Amino acid sequence: MKTCITIFTIWVLTINVAEVTAQPQPGNTMQAFTPPMGWMTWNYFGEHINEEILKGMADAMVSSGMLKAGYQYIMIDDGWQGGRDNKNNIIPDPVKFPSGIKALADYLHAKGIKIGIYSDAAPLTCAGYTASLNFEEQDAKTFASWGIDYLKYDYCNAPADSITAKTRYKKMADALAKSGRPIVFGICEWGSRKPWHWAANAGGNLWRTTGDIRDKWKTKPGKDGMGILDIVDINAALYEYAGPGRWNDPDMLVAGLYGAKGPASDLGGVGCSDIEYQSQMSLWSIMAAPLIATNNLRDMNAETKRILMNEEVIAVNQDKMALQAIRKINNDTWEIFVKPLVNKDVAIAILNKSETVQHCQIDFKDLGLTGDFTIKDLWKHTIIGNGKSWDGNIGAHETKMFRLIKK
Ligand code: GLA
């Protein structure tokens, strides 16, 4: 067994946690001060959505405890649109949403749930439905009149260059700002034009950093589609761009899908183990990623509930220091993340990427952390030690997540 301490001597970085403090950044920080949390239709239902499914999901959001755990939004992804009426107002598909989106929004709001919707910065969306190019102000007003709280804005069927992307996203952000309703703005151009450099200035509260996630641990060489580890590799490096109202979005949580047919099972998405889903929840939480579940909330097993509703892990994600963790260690076996929290506490996540159990021995000072800590294991929900170090075994593909409570 390899111990992680030997690896540290080679890989530990020189960045000190104390250097990472919340910097005032430009952008729309009045909204999404902490990463948005919710549930999105896409990976389980694809385009096959309707108002009964959405209402059922809202009921399940409440009865399962997801709302209480912090998942605030139900987000309608692609496939809701029914074209435009004779005044060019965008309308929902009358068969899927016969009561209209406003009635659905009212239903959700009455339960304390916010509602998200989807459009695209081109004439048509990724799945070929009516989108918002040249109707930005009109559509933003329509969304506001329905009571929409969040807009995911995609970039299929749009020109590849960055200037056009920035212009089109800003146009919709300005339209939302004029709509009279606070609407969180999610930019979705898959990281292709490095949106971490410009999306906050264009009015985005979050921006996808990668292509679509598939329900798998990682891509096999030569296979298409991104798994959890492939996405972590891109998103982890972008920690300095995240902050209040401006988040890196590495796409949805796949916990609970277990390879279910749908977009996440394309391109080799075969499902993950619960240990792997737990790792995704740990890594997304410590990276201050939006926590957007996409499984069938009406039918969750105990493991999926345990993973998605771990309130101590969620508290790390939602911590008011509002920082994305730094990945301090990254080698063939280990990834170790460090996230400063309020009250001088620190969260650490230790991922064993190898295919066998490994022994890990950490001196916290090697992570740039000085002083004594009480160590709480956030998956076991128990205090497991005190002091300046920890050692123990970590299973294959498992992520340990600790809160180091400053003494
Ligand atoms: C793109 C997005 C996905 C989803 C689909 C809908 O692929 O990246 O998240 O919204 O479009 O068509």
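Q: What makes the pair formed by the ligand and the side chain of Asp-77 a polar contact?
A: An oxygen atom of the ligand is 2.7 Å from an N or O atom in the side chain of Asp-77. A polar contact is a pair of N or O atoms within 3.5 Å; within protein, one atom must also be able to donate a hydrogen and the other to accept it, and residues adjacent in sequence count only if both atoms are side-chain atoms. The pair with Asp-77 therefore qualifies. The model is predicted: local features need pLDDT of at least 70 and side-chain atom pairs pLDDT 80 or more, while totals for chains, interfaces and linings use all residues. Residues are numbered from 1 along each chain as its sequence is written, and side-chain values use heavy atoms, with hydrogens and water left out.

Q: Which distances place Lys-152 and Arg-208 in polar contact with the ligand?
A: For the side chain of Lys-152, an N or O atom is 2.7 Å from an oxygen atom of the ligand; for that of Arg-208, the distance is 3.2 Å. Both values satisfy the limit, so both pairs are polar contacts. On its own the ligand has 310 Å² of accessible area, of which the protein covers 92% (Shrake-Rupley method, 1.4 Å probe).

Q: Why is the pair Lys-388 and Asp-372 called a salt bridge?
A: Their side chains meet at 2.8 Å, N to O. A salt bridge is a side-chain nitrogen of Lys or Arg within 4 Å of a carboxyl oxygen of Asp or Glu, so the pair meets the criterion. Lys-388 lies in the loop between β16 and β17 and Asp-372 in the loop between β14 and β15, so the pair ties together parts that are 16 residues apart in sequence. Strands (E, at least two residues) and helices (H or I, at least four) are DSSP runs, numbered from the N terminus.

Q: How do you know whether Lys-365 and Asp-363, partners in a salt bridge of 3.9 Å, are buried or exposed?
A: Buried means under 20% relative accessible area, exposed over 50%, and partly exposed in between (1.4 Å probe, protein chains only). Lys-365, at 59%, is therefore exposed, whereas Asp-363, at 30%, is partly exposed.

Q: What value decides the class of Ala-144, and which residues does Ala-144 touch?
A: Ala-144, in helix α6 (residues 136-146), has 13% relative accessibility and so counts as buried. Leaving aside neighbours within four places in sequence, its contacts (heavy atoms within 4.5 Å) are Ser-179, Arg-181 and Ile-183.

Q: Why do the buried residues of α8 count as lying on one side or on several?
A: In α8 (residues 228-236), Ile-228, Leu-229, Ile-231, Val-232, Asn-235 and Ala-236 are buried. They cover an arc of only 155 degrees around the axis, which puts them on the same side of α8; the arc is that of the directions from the helix axis to the C-beta atoms. An α-helix has 3.6 residues a turn, so residues three or four places apart point the same way. The buried residues of α8 pack against elements including β9 and α9.

Q: What makes the backbone of Ala-288 notable, and is this residue buried or exposed?
A: Phi of Ala-288 is near 50 degrees, a positive value in a residue other than glycine. Ala-288 is in the loop between α9 and β10, and its 1% relative accessibility means that it counts as buried.
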